[in-house]
Amino acid sequence: VFGGRPGQGKSSLISCMSVGLARRGVKVGVISLEMLGVEIIGRMVSSESRLPLVKFTRGTASDEEIHVAAERMLEIKALPITIADQLRTLSEIIVAMHEQAAKGVQVIFVDYLQKILVPKFRGNRNELVTEISGTMKELSMSLKLPVVSCAQLNRESEKNDREPTMADLRDSGAIEQDADFVGLIHGRGKGPDPELDGAEATDIIVGKNRSGETTRLAMAFRKEIFRFDDL
């Protein structure tokens with residue numbers, strides 16, 4: 001699970017991870033509850049070409065930039081990435097994950113966990129997210145592949161001006177309990193470091209890692225191109 005507040009780059013992070021893994025020959029599945037597939041591809045092209053997507057939506061890109069973006073788009077089209085969008089319910093997502101696994105997908109990204117619906121669910125919000133989190137865990141084990149989910153954090157860390165902790169995962173403590181790995185996105189703002197070059201200094205705080213150490217990763221989040229770079 002990767003947790004973050006809105007606008008801190010959860011979707012951008014898993015997009016970068018998807019392309020990075022696919023470039024290494026890993027078959028990737030993406031299930032999006034927030035964006036259409038064409039939007040996801042657009043963000044991938046922006047990230048890989050290092051060109052702001054707004055240049056193309058506003059029609060201000062130069063011929064050279066259009067050429068570069070077209071080349072990156074062809075490269076991404078050739079990568080082993082399968083995208084399922086316009087899904088809402090847990091049952092739809094379960095079917096999509098089984099379909100992707102049947103196609104040989106080796107890792108599935110779900111964006112994001114708390115957007116999943118369970119029609120006619122009679123419990124409260126906490127019980128609903130507990131059900132969804134447990135199902136993601138069960139699917140990961142039954143399909144024998146990693147499932148990487150984004151999750152929202154509550155506002156407490158922002159209100160108190162502190163780093164997020166696993167207790168800030170919104171709606172249910174079951175997310176922290178079920179996950180093998182929890183990474184928390186902590187934006188530190190733009191700093192004077194020339195290596196950042198206008199990007200936002202961002203830490204990925206590894207709060208839980210059943211297979212390794214807990215640590216933090218120093219990243220630069222370039223919001224205008226939906227890209228995380230390792231510092």
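This is a short tour of the pockets, the cavity and one buried threonine in a predicted model.

**Stop 1: the largest pocket**

Start with the largest pocket, which holds about 440 Å³ of space. Select Cys 16, Met 17, Gly 20, Met 219 and Phe 228: of the 19 lining residues, these sit closest to the pocket's centre. Now colour the elements that give two or more residues to this lining, namely α1 (10–23), α2 (37–49), β8 (216–222) and β9 (227–230). Which element gives the most? That's α1, with seven residues. Try colouring the lining by class too, and you should get 11 nonpolar, two polar and six charged residues.

**Stop 2: a threonine in β7**

Keep Met 219 and Phe 228 on screen, since both touch the next residue to pick, Thr 202. You'll find Thr 202 in strand β7, which runs over residues 200–209. Is Thr 202 buried or exposed? Its relative accessibility is 1%, so it counts as buried. Show the side chain of Thr 202 and follow it to the backbone oxygen of Glu 200, 3.2 Å away. Then bring up its partners from further along the sequence: leaving out residues up to four places away, Thr 202 also touches Ile 185, His 186, Gly 187, Arg 188, Leu 217, Ala 218 and Phe 221.

**Stop 3: the second largest pocket**

Next, go to the second largest pocket, with about 340 Å³ of space. Its lining has 18 residues, and the ones closest to the centre are Val 1, Val 147, Val 148, Ala 179 and Asp 180. Highlight α6 (125–143), β5 (147–152) and α8 (174–178), the elements that each give two or more residues to this lining. Here α6 gives the most, with five residues. By class, the lining splits into 12 nonpolar, three polar and three charged residues.

**Stop 4: the cavity**

Last, look inside. How many cavities of 30 Å³ or more are there? The count comes to one, and about 90 Å³ of space lies in it. To see its walls, select Ser 11, Ser 12, Ile 14, Ser 15, Ser 18, Val 30, Ser 32, Met 35, Ile 40, Arg 43, Met 44 and Asp 111. The elements giving two or more of these residues are α1, β2 (28–32) and α2. You've met α1 already at the largest pocket, and for the cavity it provides the largest share of the lining, five residues. Colour these walls by class to finish: five are nonpolar, five polar and two charged.

Notes
Residues are numbered from 1 along each chain as its sequence is written. This is a predicted model: local features need pLDDT of at least 70, side-chain atom pairs count only at pLDDT 80 or more; totals for chains, interfaces and linings use all residues. Side-chain values use heavy atoms; hydrogens and water are left out. Helices (H or I, at least four residues) and strands (E, at least two) are DSSP runs, numbered from the N terminus. Buried means under 20% relative accessible area, exposed over 50%, partly exposed in between (1.4 Å probe, protein chains only). A polar contact is a pair of N or O atoms within 3.5 Å; within protein, one must be able to donate a hydrogen and the other to accept it, and residues adjacent in sequence count only if both atoms are side-chain atoms. Contact means heavy atoms within 4.5 Å. On a 1 Å grid over the protein atoms alone, a cavity is a set of points where a 1.4 Å probe fits but cannot get out, and a pocket is an open set with protein on both sides within 12 Å along at least five of seven lines; lining residues have an atom within 4 Å of a point. Grid points are joined across faces, edges and corners, and a volume is the space filled by probe spheres set on the points. Ala, Val, Leu, Ile, Met, Phe, Trp, Tyr, Cys and Pro count as nonpolar, Asp, Glu, Lys and Arg as charged, and the others, Gly among them, as polar.
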